[in-house]
Amino acid sequence: ANVPGTGCVGGATFAASADDRCGGSVPTHRVSLECPIATQPGLTISHECPTVTPTPGSSATVSGIVRNSGNVTLTEVIVQSGGVTVFGPAQLEPGQSLPLTVSLPVPLDRCSFETTLVASGRDVCSARLTSSSSSRSCPVKTSPSLVLTKECPPSPPVAGTLLVQSGSLVNNGDVALNDVIVSSGVNRILGPMTLAPGASTNFTYSIIAPSGVCEFTDTWNASGRDPCTAQQISRTATTRCPVLTTPQIAVTVTCPTEVLIPGAIARYSGRVSNVGNITLTNVLVVDSANPGTVVFSQPALAPGASAAFSIAKTVPSNTCSLALDLAATGLSECNGEPTGSSAGTTCPVVSSPALTVVHECPGEPGIPGFPSTFGGRVSNTGNITLTNVTVSATEFGSTLRVFGPATLEPGASASF
């Protein structure tokens, strides 16, 4: 007998018949027999990676086929992924196939994700379990990203002191970044390090606040490498941090080297200096005795710089000394903050005091025994006021004051 292609048992029916030689009737005898068939259950499964490359943290849809490759019907056919049933239960006849579509989670921080599908079913005849599996390593489309922030100190530093900047770096992508560094020019601030997705780190960087500037501009560069694609990403952050400055100006003046005499030209030497730590603009030096009279000006003066100037003045007559007072001013180039300074000097004047006296005899000849009146004039013929001017007459060994004391201006005279 032929064994059937399907089914759990095979059977045959036997019939026995005969003829009675005497011509009588002999009944036909039949007997049937069923025998178990040795089945060969078989199950295959296959699947492919998603047609669209998924991103970390998303869901990926994979498609596949489960097929009964044996010679017996399979029941309770299921497909599992990680112990979770994603297909079935179903029944598959020998040679029958069924398509399947499975949505699977894609893990974070992976360059690829492994998918394993396990199919199982039971032999309808023997209840024996048969299984098969399919595995794939599927690519993941990563999106590496960094966020770099940079902040100035809460209080502006003084030039020449520490300027402490704070920063933070965040991996806001979906894959870990290797070789993460932060630098300022050639100076390494942070790293190298690995930064996981969603991770962040805070840090500070200190420099000496420069002089001669209103603010300090600095740019940081952050970079990292995607381990999946070796793609290098970078970010920059720039701040302009104000610096506290001290505008300060100084002025000096010295007397002329030559001797000063009335009527001559006195040439004073002066110097204005920027003794602060910021450039000064609109630098002016004025004569304090004559407000508004500018004796020197310069548009700008850098820190530590100075400029010389000279002032010419006519030495007046009738003076013992000549004073000069100067006032210097300037404005900070940062915020226009004013600064000022003053200086003065008093220079001696060499005078030429001179005094002359003349007198005349009386208009009428004198008579013995009677008084005679003499007249005269005393004059200041010098270039300086004379004080305590007196005229005395000497007669017969005695001295008599006949004029003064008085004060005489240069060129003035008085009669007596």
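**Notes on an all-strand predicted chain**

1. Start with Phe 309. Leaving aside residues up to four places away in sequence, Phe 309 touches Val 251, Thr 252, Tyr 268, Ser 269, Gly 270, Arg 271, Val 272, Val 285, Phe 296 and Leu 326. Keep in mind throughout that this is a predicted model.

2. Now place Phe 309 in its core. The largest nonpolar core has 23 residues, and Phe 309 is one of the five that touch the most other members. The others are Tyr 268, Val 272, Val 285 and Leu 326. Seven strands each supply at least two residues of this core: strand 17 (249-254), strand 18 (265-274), strand 19 (280-287), strand 20 (294-301), strand 21 (306-314), strand 22 (321-332) and strand 23. Strand 22 gives the most, with 4 residues. Another core lies apart from this one. That core has 22 residues, among them Leu 146, Leu 169, Leu 177 and Ala 209.

3. Look next at Cys 347. This residue sits in strand 23, which covers residues 338-348. Is Cys 347 buried or exposed? Its relative accessibility is 1%, so Cys 347 counts as buried. Beyond its sequence neighbours up to four places away, Cys 347 touches Cys 255, Pro 256, Leu 260, Tyr 268, Ser 321 and Leu 322. Tyr 268 is one of the best-connected members of the largest core, among those touching the most other members. Cys 347 can also be compared with Leu 324: the two are 23 residues apart in sequence, and their C-alpha atoms are 8.3 Å apart in space.

4. Polar residues can be buried too. Ser 184 belongs to strand 12, residues 177-184. Its relative accessible area is 9%, under the 20% cut-off, so Ser 184 is buried. Which side chain does Ser 184 join in a polar contact of 2.9 Å? The partner is the side chain of Asp 218. Asp 218 also appears among the residues that Ser 184 touches, together with Ile 189, Tyr 205, Thr 219 and Trp 220, not counting residues up to four places away in sequence.

5. Ser 223 offers a second case. This serine lies in strand 15, residues 215-225. At 14% relative accessibility, Ser 223 is counted as buried. Its contacts, again not counting residues up to four places away in sequence, are Leu 146, Asp 179, Val 180, Ile 181, Gln 232, Ile 233 and Ser 234. Leu 146 is a member of the 22-residue core.

6. Next, the strand pairing. Strand 24 (residues 355-360) and strand 25 (residues 375-380) run antiparallel, joined by 6 bridges. Within that pair, Leu 355 stands opposite Asn 380 of strand 25. Strand 25 is also joined to strand 28 (residues 413-415) by 3 bridges, again antiparallel. There, Arg 377 has Ser 415 of strand 28 as its bridge partner.

7. Finally, step back to the whole chain. How many helices and strands does the chain have? There are 0 helices and 28 strands. The radius of gyration is 60 Å, well over the 22 Å that the globule rule gives for 416 residues, so the chain is more spread out than a compact globule. The C-alpha trace spans about 240 × 25 × 25 Å along its principal axes.

8. Some totals round this off. Of the 416 residues, 34% are buried. Among contacts with a separation of 6 or more, 63% link residues 24 or more positions apart. The accessible surface comes to about 23200 Å², and carbon and sulfur atoms account for 53% of that.

Methods:
Residues are numbered from 1 along each chain as its sequence is written. This is a predicted model: local features need pLDDT of at least 70, side-chain atom pairs count only at pLDDT 80 or more; totals for chains, interfaces and linings use all residues. Side-chain values use heavy atoms; hydrogens and water are left out. Buried means under 20% relative accessible area, exposed over 50%, partly exposed in between (1.4 Å probe, protein chains only). Contact means heavy atoms within 4.5 Å. A nonpolar core is a set of buried Ala, Val, Leu, Ile, Met, Phe, Trp, Tyr and Cys residues joined through side-chain atoms within 4.5 Å. Two strands pair if DSSP finds at least two bridges between them. The radius of gyration is taken over C-alpha atoms; the globule rule is 2.2 Å times the number of residues to the power 0.38. Accessible areas come from the Shrake-Rupley method with a 1.4 Å probe; for residues, only the protein chains shown count as cover. A polar contact is a pair of N or O atoms within 3.5 Å; within protein, one must be able to donate a hydrogen and the other to accept it, and residues adjacent in sequence count only if both atoms are side-chain atoms.
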